Amino acid sequence: MLTLLDQLDKGTLWRSPGGIHPPEVKFLSNATPIGQLPLASTYLVPVPQVGENCTLAVKVGDSVLKGTPLTQGTSIWHLPVHAPTSGTIVAIEPRASNHASALPVNTCVIAADGKDTWCELVQHQLDDLSHQQIVDKVRSAGIAGMGGAAFPTHIKLNPVSEIDLVIINGVECEPYISADDRLMREYSQDILAGIGIIHRLLTPKRIVIAIEDNKPEAAKAMQAAVSQCGLPAGSIRVTVIPTKYPSGGEKQLIQIITGREVPSGAIPAKLGIVVHNVGTAYAINQAVTQGKPLVERVVTVTGRNVGKPGNYWLPIGTPVDHVLTATEFTPEPDQKVIIGGPMMGHALANIQVPILKGTNCILVPSSQEIGSTPEEKACIRCGECATACPALLLPQQLFWHAKAEEYDKAASYNLKDCIECGCCSYVCPSDIPLVEYYRIAKSALKQAADEKQQAERAKQRFDARLARLEEEKLAREAKAKEASERRQASMTGTDKNAVAEAMARIAAKKAAAQAVTGESITEESSVTTTDTAEVPKGKAAVAAAIARAKAKKAAQANADGTDTNGAKTDNAVTMDANDSISATDTIAQEAPLSQKDKVAAAIARAKAKKAAQQTDTAPLESTETADNTPALSADDDKKAKVAAAVARAKAKKAAQRAETAASDIEVSNTEISVSDVNDAEAIKKAKVAAAVARAKAKKAAQQAETNAENGLNQTTTPAVDSAANVHADVNADAETAVNAAATDIEVSITDVSVNDAEAIKKAKVAAAVARAKAKKIAAASAAESKTESKTESKTESKTESEIESVDEIQTEANVASPSIAATLDTATTEADAVLPSVESTAEPIETAPLSSDELKKARIAATIAKAKAKKAALAQEANASSDSSVTND
């Protein structure tokens, strides 16, 4: 059985799958030798690798010679870029790229000086160079694959695996391109010299120069050069293969020559095969033997709209528009300029782009050659694309997934193995640009892969940073530990004792603080769990003390103040009273009140209402005094204003305090009425005691009326002082009556059976309510004694209405409960019996002789006091009846 080498020697060929036979138009450009074009005024040299694996070696304003390196780097993937001509760097900026997208790329802009002067070139003999030196020279020359892929050549010349076969690709299967054809015809010896360098580096067993049968002149020229080269006989041969597109593809050519298929995702080197282009072999020879970097290449300029089609040596970076102008380009409307052939090339959106190392053709076809792009139609699933695919893929499936942007599924159908030859698009009857879909899908997958790789690198950097920080932390801790050990080692016994004592003191302080905290917590919990009945008393006492202090302070301020600051004094007193009230309210809210405290609060509310009534009558008193005593002094007027302000402040304070306590009393009264009572007799006695207390309060009110009249008759001072005395007398009488009523109620409560604690509690509450009501009546009597006599008629009418309301209440009591009515009758009888005796005991008070004006004023005041006292008595009767009815309910 013949080996692979034997088959190669015999010229055996294998058939490749797929492929097409487009019409050839090579005759437009391959008939003339390779020419030269005039130098351009400006050259655009892209430097896309700057910032990734290299840096710029020049800056704006530098003068450069032809072949001067523009970049420098140490990465294996770095391809140096050289100046294509002599001139000056005028800009380094983003310019449009030679790509279908025309995306901007960093570009060195060189203004040519027209001299095209070479830099110093170093020539070497091949025998004087080592393998590594040869590879380094190829790398420093910036040589890349000239067939279009632009893969770094120095990587292919230094493979990791053993190479058995080297294929020199001279197929050039695109229908318009003839650059390699003319190069093989004219520079066959230089190409063979480059092949000799490759043979020295790789030492393959065979070298095959593959040429299509549509290039007979090139095949003949290469055969002649092979026969004259110094390579071992039988190690190199020229093989002519059938013309078929895309036979020039790397994997397709390997399959045709060897019959072996490169696995998906693998490279030919794994099979021991390396493929180089004839242009690459020529450049290798130029770089190694003459020291020339890759600054120019042969480019085919062709198409019906070019006046001078042909192949030209074009410097890398020459603008495309300069080339078209030099070749007499005559554009048409909607003219296309294609870089590469019609099968694998791409149209330019901007012709102000440079020639690259992989640019092998500029095609400017007429409308008869390549018409306008037809409208895409729906796929009919004919399968022609699958038949024409040289990579044995499923173009239809790839198209569906790419169009749906399901790029991962497209990748699962081996999208990366597509060589973008365009056979599927060429044969598609629906005019679907399949290759365009595949390119977009590849770009998306590449971008996703790059982002993933960047994320992975970022993660690695982050992990490395954490590891570094941890190492630094451990190093610091170890250093601190060592320093501590050194200090301990250097310490004497005294120092150690001092440290131990200090640590002991700190521990003791900490323990003491914890003990204090624990005791405070224990005390707080114990206080919380104990009876809270005494808490409001203590806090109320504090609040009362504060209020007395502030009242005393306000009184002193009033005594020392003037008329100008009188209003300010009132405000200050009011603020102090409000502060005291706020403090009292806060204390009342902090802890629940006991039953006794609630009763005390009810009494406080009664006092507050009394003070409020006195405050309300203050303006009337001032008016009467002004009318009756026009000769009052300024000092008396000031004192009256101060007294009124103090009274208002105290009234507000007492009212707020009483309102808070009243709500508690109402709640307690409700609880009393709702709870079950087992001793009916005790409750009845308590109600009787309350009725007696109300009767005595009525008696006290009448006595207060008499005292007020007598007090006015004996008054010799100004009206302001008289009013104050009357107030004092009325208040004293009211307080005496309240105390007497409370005493009687307490005596009556004592008579109740002590076995019923609940009844006693309710009776005490009722007594407290009665005492508060009595005090309120006394206060009302004293306050209303200051009004004018003309209100007497109104008072009488009001009194009649109140009496009627009392009668209504009594009637309702009779209907509700006969026992309640009997209790009310008994209380009324006792009150009527007491009042005559009180009136009889009232003795007249001797008074000094009065002047006519004073006597007149006293009479008026007495009349007013008498009317108010009568009104208060009637109101008290009505209130007593109402309270008795509510209590019985």
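## How helices 4 and 6 cross

Helix 4 makes a left-handed crossing as it passes helix 6. This is a predicted model, and the crossing is a handy place to start looking around. Two packed helices are described by the angle between their axes and the distance between those axes. Here, helix 4 covers residues 179-186 and helix 6 covers residues 216-228, with axes that come within 8 Å and cross at roughly 35°.

Which residues meet where helix 4 and helix 6 come together? From helix 4 there are Asp 181, Met 184 and Arg 185, and from helix 6 there are Glu 217, Ala 218, Ala 221 and Met 222. Keep Met 184 and Met 222 in mind, as both turn up again in the contacts of Ile 191.

## Helix 5 and the nonpolar cores

Now for helix 5, residues 188-202. At 1.5 Å a residue, its 15 residues should span 21 Å, and the end C-alpha atoms are indeed 21 Å apart, so the two figures agree. Helix 5 is mostly covered, with eleven of its 15 residues buried. The buried set runs through Ser 188, Ile 191, Leu 192, Gly 194, Ile 195, Gly 196, Ile 197, Ile 198, His 199, Leu 201 and Leu 202. Right after the helix comes Thr 203, whose phi is positive, near 45°.

Three of those buried residues also stand out in the largest nonpolar core, which has 53 residues: Ile 191, Leu 192 and Ile 195 are among those with the most contacts inside it, along with Ile 209 and Ile 236. Setting aside neighbours within four places in sequence, Ile 191 is in contact with Leu 183, Met 184, Met 222, Val 278, Ala 281 and Tyr 282. There is also a second, separate core of 23 residues, whose members include Ile 167, Ile 257, Ile 273 and Cys 423.

## Helix 11 and its neighbours

Helix 11 takes in residues 395-403, and its buried residues are Pro 395, Gln 396, Leu 398, Phe 399, His 401 and Ala 402. What do these buried residues pack against? Their partners are helix 10 (384-388), helix 12 (407-412), helix 13 (423-427) and helix 14 (434-490). Following helix 11 is Glu 405, which has a positive phi, near 60°.

## Two residues to click on

Arg 439 is found in helix 14, one of the helices that the buried residues of helix 11 pack against. Not counting residues up to four places away in sequence, Arg 439 touches Met 344, Gly 345 and Glu 420. Arg 439 and Lys 416 are 23 residues apart in sequence, while their C-alpha atoms are 9.9 Å apart in space.

Over in helix 1 (residues 4-10) you'll find Lys 10. Is Lys 10 buried or exposed? Lys 10 counts as exposed because its relative accessible area is 62%, above the 50% cut-off. Apart from neighbours within four places in sequence, Lys 10 is in contact with Leu 2 and Arg 237. Lys 10 and Thr 239 are 229 residues apart in sequence, yet 9.8 Å apart from C-alpha to C-alpha.

## The whole chain

Zooming out, the chain has 26 helices and 16 strands. Of its 889 residues, 44% count as buried. Among contacts between residues at least 6 apart in sequence, 78% join residues at least 24 apart. As for the surface, the chain exposes about 45400 Å², and carbon and sulfur atoms supply 54% of that area.

Technical notes:
Residues numbered from 1 in each chain as written. Predicted model: local features only at pLDDT ≥ 70, side-chain atom pairs only at ≥ 80, totals over all residues. Heavy atoms only, no water. Helix = DSSP H or I, 4+ residues; strand = E, 2+ residues; numbered from the N terminus. Buried < 20%, exposed > 50% of the residue type's maximum accessible area, 1.4 Å probe, protein only. Contact = heavy atoms within 4.5 Å. Areas by Shrake-Rupley, 256 points an atom, 1.4 Å probe, with all protein chains shown as cover. Expected span 1.5 Å × (residues − 1). Core = buried A, V, L, I, M, F, W, Y, C linked by side-chain atoms within 4.5 Å. Axes fitted to C-alpha atoms, helices over the stretch in contact; angles between N-to-C directions. Left-handed = near helix turned anticlockwise from the far one by under 90°.
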